[in-house]
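Student: Hi, I have just opened this one and could use some help finding my way around. Can we go through it together?
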Amino acid sequence: MTIPDPILLAAASEVRLKAYAPYSKFQVGAAIRGRSGRIYAGCNVENVAYPEGTCAEAGAIAAMVAAGEIEIAEILIIADSPAPVPPCGGCRQKIAEFAGQGAPVTLCTVDGQARDMTVAGLLPGAFGAEHMERS
Ligand code: THU
């Protein structure tokens with residue numbers, strides 16, 4: 001059974017309650033532990049122009065980068081979902097930008113379910129900088 005990191009779980013749970021989700025009513029929280037050990041949190045922020053909304057993961061990544069860090073050691077995502085909430089496709093690519101392939105990604109529900117994955121497991125065959133290289 002996956003036991004989520006209590007610090008990441010607390011940070012993601014707390015920020016989730018601040019999510020601005022009047023349209024979907026689906027609040028999401030994300031917490032990152034950077035390589036330094038510092039914790040960065042983010043929530044989804046929706047917009048009446050629906051595609052302009054941003055995901056919780058994007059908010060947490062933005063907080064990390066704004067603080068001067070660019071390496072995700074670990075990330076946890078939580079929502080009031082029937083099963084541990086999987087990050088959307090765009091967020092998988094955003095996470096992969098800043099995390100190693102083996103970095104743990106913990107998917108949680110508010111009722112205590114949790115599932116451990118890795119960045120590689122979330123985004124197999126990811127597009128990376130190496131695909132833009134020519135010999
Ligand atoms: N959402 C996230 O914040 N992260 C995800 O990985 C999945 C979806 C948000 C976006 C939108 O505000 C709401 O959940 C419903 O899609």
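Tutor: We can talk about the ligand and its surroundings, and then turn to the cysteines. Please keep in mind that this is a predicted model.

Student: Okay, so where does the ligand sit?
Tutor: The ligand is found in the largest pocket. Around the ligand are Ser24, Phe26, Val28, Asn44 and Glu46, together with Cys55, Ala56, Glu57, Pro87 and Cys88.

Student: And how many of the residues in that shell are nonpolar, polar or charged?
Tutor: The shell around the ligand has six nonpolar residues, along with two polar and two charged ones.

Student: What lies 2.5 Å from an oxygen atom of the ligand?
Tutor: That is a polar side-chain atom of Glu46. An N or O atom in the side chain of Glu57 is 2.7 Å from an oxygen atom of the ligand, and for Cys88 a backbone N or O atom lies 3.0 Å from a ligand oxygen.

Student: How much of the ligand's accessible area does the protein cover?
Tutor: On its own the ligand has 370 Å² of accessible area, and the protein covers 76% of that.

Student: Switching topic, how many disulfides are there in the whole structure?
Tutor: A search of the whole structure gives zero disulfides. As background, a disulfide is a covalent bond that joins the sulfur atoms of two cysteines.

Student: Why is Cys55 without a bond to Cys91?
Tutor: The closest cysteine sulfur to that of Cys55 belongs to Cys91, and because the two sulfurs are 3.7 Å apart, they are too far from each other for a bond. Cys91 is in no disulfide either, and the sulfur of Cys88, the nearest one to it, is 3.7 Å away.

Student: Are Cys55 and Cys91 buried or exposed?
Tutor: Cys55 is partly exposed, since its relative accessible area is 31%, whereas Cys91 is buried, with a relative accessible area of 1%.

Key:
Residues are numbered from 1 along each chain as its sequence is written. This is a predicted model: local features need pLDDT of at least 70, side-chain atom pairs count only at pLDDT 80 or more; totals for chains, interfaces and linings use all residues. Side-chain values use heavy atoms; hydrogens and water are left out. A residue is near a molecule or strand if one of its heavy atoms lies within 4 Å of it. A polar contact is a pair of N or O atoms within 3.5 Å; within protein, one must be able to donate a hydrogen and the other to accept it, and residues adjacent in sequence count only if both atoms are side-chain atoms. Accessible areas come from the Shrake-Rupley method with a 1.4 Å probe; for residues, only the protein chains shown count as cover. On a 1 Å grid over the protein atoms alone, a cavity is a set of points where a 1.4 Å probe fits but cannot get out, and a pocket is an open set with protein on both sides within 12 Å along at least five of seven lines; lining residues have an atom within 4 Å of a point. A molecule sits in a cavity or pocket if more than half of its atoms lie within 2 Å of its grid points. Ala, Val, Leu, Ile, Met, Phe, Trp, Tyr, Cys and Pro count as nonpolar, Asp, Glu, Lys and Arg as charged, and the others, Gly among them, as polar. A disulfide is a pair of cysteine sulfur atoms within 2.5 Å. Buried means under 20% relative accessible area, exposed over 50%, partly exposed in between (1.4 Å probe, protein chains only).
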